[in-house]
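Trainee: I am new to this structure, and I would like to understand how each descriptive word is earned. Could we go through the terms one by one?

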Amino acid sequence: MKQTTRPPEHRPAGVRNAPAPAGPPPDRSTKARRPHSTQWAAWGFLAPVLLYLALFYAYPLYRNLDLSLRDYTVRSFVQGDAPFTGLANYRKVFDDPIFIPALLHTAVFTAVCLVFQYAIGLALAVFFNQNFRLSATLRALFLVPWLLPLIVSASTWSWMLNSESGVVNATLHTLGIGPVNWLTSPSWSLASVIIANIWIGVPFNLVVLYSGLQSIPAGLHEAAAIDGANAWQRFWRVTFPLLRPVSAITLLLGLIYTLKVFDIIWIMTKGGPADSSTTFATWSYQLGFGNLLPAFGPGAAVGNLLVVAALVFGLIYVRMQRKQALS
């Protein structure tokens, strides 16, 4: 069969070169408005957070700094005409005989609480990571100290450590050990509030470290076990290095919280006896509100020292994270 071809269609040159018909031109104003509207939407979502930070963080910090740089009395605090004194309040704080004991108590209280809270929390997290029966129930029970109001926890420990009718001394008596003045002895008051704060802070470390353990792939432990590593070697060389980022943020948050602990110490010992359990947090309150003639300026200065300490450790953490990311 003979194949026939269709002759090409001939069109005038003007028709061939004419552009194809197009739809309506795009609305350029809509495209120009999209990035602008997106930016406004982003600022709209950020506005509540920025307002919250400004009202409840930035402004109180500014007021506290202003208090520490002026000679405020009750009258000038109300009228707002306190004279500017510069660093005089800070010099007064540094020259106070309570400064060195309060600094040592704050350092000991923070360091001991952090070490024991982290160690006990990590041990419990490893224990509950075995996923045995009733693991979830026991984890929930361990959260009770963290969920209770601090006034309830501190009052409970005050009753337990009472020299005459406390449960702890009653237990020691059954073991043939004499009573201990936990809350009224200068030798034991700081240890008493440390024990109470460790008990309260362990659940937080348990929850955060347990979540960190859950994120570690199980295959790494299986590979280490196949290579002949025992349980301790698997923990020290596999689990613990992978848990370092979570451990760092846990210790940082625990440090910030422990530096500002006030409720537990004040309810149990009020910083006594003889300032034996006074920390910067309780000392700041005593200066500002614990006397008939409050010293607002020195009290604010002590509070600012706590803010600076927390800021320094926060910057150290950020620097360590950057070095780790670069390496």
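Mentor: Let us start with D66, which counts as buried because its relative accessibility is 13%, and buried means under 20% relative accessible area, exposed over 50% and partly exposed in between, with a 1.4 Å probe and protein chains only. This is a predicted model, in which local features need pLDDT of at least 70 and side-chain atom pairs count only at pLDDT 80 or more, while totals for chains, interfaces and linings use all residues. Residues are numbered from 1 along each chain as its sequence is written, and side-chain values use heavy atoms, with hydrogens and water left out.

Trainee: What makes the pair R63 and D66 a salt bridge?

Mentor: The term asks for a side-chain nitrogen of Lys or Arg within 4 Å of a carboxyl oxygen of Asp or Glu. The side chains of R63 and D66 meet at 3.4 Å, N to O, so the pair satisfies that limit. Both residues lie in helix α2, three residues apart, about one turn of the helix; helices are DSSP runs of H or I with at least four residues, strands are runs of E with at least two, and they are numbered from the N terminus.

Trainee: Why are R63, D66 and R70 called a network?

Mentor: D66 also forms a salt bridge with R70, the closest N and O atoms being 2.8 Å apart, and the three residues are thereby linked in a network of salt bridges. By this rule the count comes to two salt bridges. R63, at 25% relative accessibility, counts as partly exposed, and R70 counts as partly exposed at 26%.

Trainee: How do you know whether A301 is buried or exposed?

Mentor: Its relative accessible area is 0%, so A301 is buried. A301 lies in helix α16 (residues 296–326), and it touches S68, N89, Y90 and V93, not counting residues up to four places away in sequence, where contact means heavy atoms within 4.5 Å. The C-alpha atoms of A301 and N64 are separated by 7.9 Å, although these residues are 237 residues apart along the chain.

Trainee: What makes W40 exposed?

Mentor: W40 has a relative accessible area of 57%, and therefore it is exposed. W40 is found in helix α2 (residues 28–68), and it belongs to a nonpolar surface patch of about 1,200 Å², whose other members include W43, L46 and F56. Patches are made of residues with over 30% relative accessible area and no salt bridge, like charges being joined within 9 Å and nonpolar side chains (Val, Leu, Ile, Met, Phe, Trp, Tyr) within 5 Å.

Trainee: Why is T106 called buried?

Mentor: T106 is in helix α5, and it counts as buried because its relative accessibility is 7%. Leaving aside its neighbours within four places in sequence, T106 is in contact with L259, T279 and F280.

Trainee: What meets T106 and the other listed residues of α5 in α13?

Mentor: Residues of α5, among them T106, F109 and Y118, meet residues of α13 that include S247, L251 and L259. The axes of α5 (residues 99–128) and α13 (residues 244–259) come within 10 Å and cross at roughly 140°; axes are lines fitted to C-alpha atoms, for helices over the stretch in contact, and angles run from 0 to 180 degrees between N-to-C directions.

Trainee: And how many helices and strands does the chain have?

Mentor: The chain has 16 helices and zero strands, and buried residues make up 31% of its 327 residues.

How values were computed:
Areas by Shrake-Rupley, 256 points an atom, 1.4 Å probe, with all protein chains shown as cover.
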